[in-house]
Amino acid sequence: MAGAKASKADGSVTGETIWLDGEFIPWDEANVHILTHTLHYGLGVFEGIRCYQTHDGRSAVFRLPEHLRRLYDSAKINLMEIPFEQQVLHEACLESLRRNDLAEGYIRPIAFIGDGAMGLHPGNNQIRVAVISWAWGKYLGEEGMERGISAKISTFSRHFVNSKMTNGKTCGDYVNSILAKREALLEGFDEAIMLDPNGLVSEATGENVFVVRDGVISTPERYSVLDGITRATLIELARAEGYDVVERGITRDDLYVADEIFLTGTAAEVTPIRELDHRTIGIGRRGPVAEKLQSKYFELVSGKLAEYEGWLSYL
Ligand code: PPE
């Protein structure tokens, strides 16, 4: 398919083939029935994983087992049983990249409830599983990686922890993120950071938040945020670089007076914030800590740090 490797300016993505319920089928035929339960009620779980071309030309998926483990955890939290062994999905992720001819790309496994029973109780509707891969460039813009992006504190609160199960990555939870993201973009910002119901900093619409002040790196405790795999990676990299990293309650004004703020996520990687609610953050562009950790992260995912080889699944 011509142009299959690029995601277009309108955000649409295409490819050759999609793994659905155990087999690869043509991209354009990967359709579901309109009564698909997840479409109506939002109970499904998904992952976002990246594959990078490494320094020696091979391709490697970053922390694939950890992402798949979280997928199964998300399913368990939501009382969904994924009808495949983790190893089957592991292979499907790698094979999906190969079959779509992607040396680098984003992988989206999703488990959802199929059609059949309607109403909130999904009955015995089939749990369906897909793995999709596509080329995805810089999530918050190439320029943002160096210049930093602008953000606002959202008027929408992040879910209360007993409402959003924060160890899970559940489809319907993203309504809250979409509301916050659209509000931010409509007002001319690039991203939104949400506060939890107590007013403490939670996370951005699809990223975890880090703050630097006087050389100390802080990030919100795990309980109110998705247990980000990039977050965990950054904490480890930062500590290895000799930084103090603390997980603590962070207030809105801690962000305003930070020397640096940066966001982490599989899609967003490590993206600095230059301005928050019209206040310049630190030097108003990527600061030294973000720069250091960003470059370590990219060295890591491109296979240049031998001590972290175990985090790469080569194609
Ligand atoms: N918080 C949220 C709410 C979130 O969605 C993500 C990932 C993270 C934190 C970071 O988690 P991790 O990727 O494990 O470091 N967001 C995915 C959504 C992307 C999308 O737009 O779709 C991602 O980065 O893949």
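Counting aromatic pairs in this predicted model gives 11 of them, where rings of Phe, Tyr and Trp (its six-membered ring) pair if their centres lie within 6.5 Å, and planes under 30 degrees apart count as stacked, over 60 as edge-to-face and the rest as tilted. One aromatic cluster is made up of Phe 62, Tyr 297, Phe 298, Tyr 308 and Trp 311. Trp 311 also has a charge for company: the charged end of Arg 63 sits over its ring, 3.8 Å from the centre. Arg 58 does something similar with Tyr 314, lying over the ring face at 3.8 Å from the ring centre. For such a contact, NZ of Lys or CZ of Arg has to be within 6 Å of the ring centre and within 35 degrees of the ring normal.

A few ground rules help here. This is a predicted model, in which local features need pLDDT of at least 70 and side-chain atom pairs count only at pLDDT 80 or more, while totals for chains, interfaces and linings use all residues. Residues are numbered from 1 along each chain as its sequence is written, and side-chain values use heavy atoms, with hydrogens and water left out.

Now for the overall picture. The protein has 8 helices and 17 strands; helices (H or I, at least four residues) and strands (E, at least two) are DSSP runs, numbered from the N terminus. Its radius of gyration is 19 Å, close to the 20 Å that the globule rule gives for 315 residues, so the protein is as compact as a globular protein of that length. That radius is taken over C-alpha atoms, and the globule rule is 2.2 Å times the number of residues to the power 0.38. The C-alpha trace spans about 55 × 50 × 35 Å along its principal axes. Of the 315 residues, 54% are buried, meaning under 20% relative accessible area, with exposed being over 50% and partly exposed in between (1.4 Å probe, protein chains only).

Next come the salt bridges, 22 in the structure, each being a side-chain nitrogen of Lys or Arg within 4 Å of a carboxyl oxygen of Asp or Glu. One of them joins Arg 50 and Glu 269 (3.7 Å, N to O). This pair links distant parts of the chain, 219 residues apart, with Arg 50 in strand S4 (residues 49–53) and Glu 269 in strand S15 (residues 269–276). Both ends are tucked away: Arg 50 is buried at 6% relative accessibility, and Glu 269 is buried at 1%.

Lys 152 has two partners. With Glu 183, the closest N and O atoms are 3.4 Å apart; Glu 183 lies in helix H5 (residues 174–186) and Lys 152 in strand S8 (residues 149–153), so the bridge ties together parts that are 31 residues apart in sequence. Glu 183 is buried at 13%, and Lys 152 is buried at 7%. The other bridge runs from Lys 152 to Glu 187 (2.7 Å, N to O), and Glu 187 sits in the loop between H5 and strand S9 (191–195), 35 residues from Lys 152. Glu 187 is partly exposed at 44%. Elsewhere, Glu 241, Lys 292, Lys 296 and Glu 299 are joined into one network by salt bridges that share partners.

Finally, the surface. Ile 34, Leu 35, Leu 39, Tyr 41, Met 118 and Leu 120 form a nonpolar patch there, with about 620 Å² of accessible area together. Patches are made of residues with over 30% relative accessible area and no salt bridge, like charges being joined within 9 Å and nonpolar side chains (Val, Leu, Ile, Met, Phe, Trp, Tyr) within 5 Å. Met 118 belongs to the loop between strand S6 (105–113) and strand S7 (127–134), and is partly exposed at 36% relative accessible area.

Technical notes. Areas by Shrake-Rupley, 256 points an atom, 1.4 Å probe, with all protein chains shown as cover.
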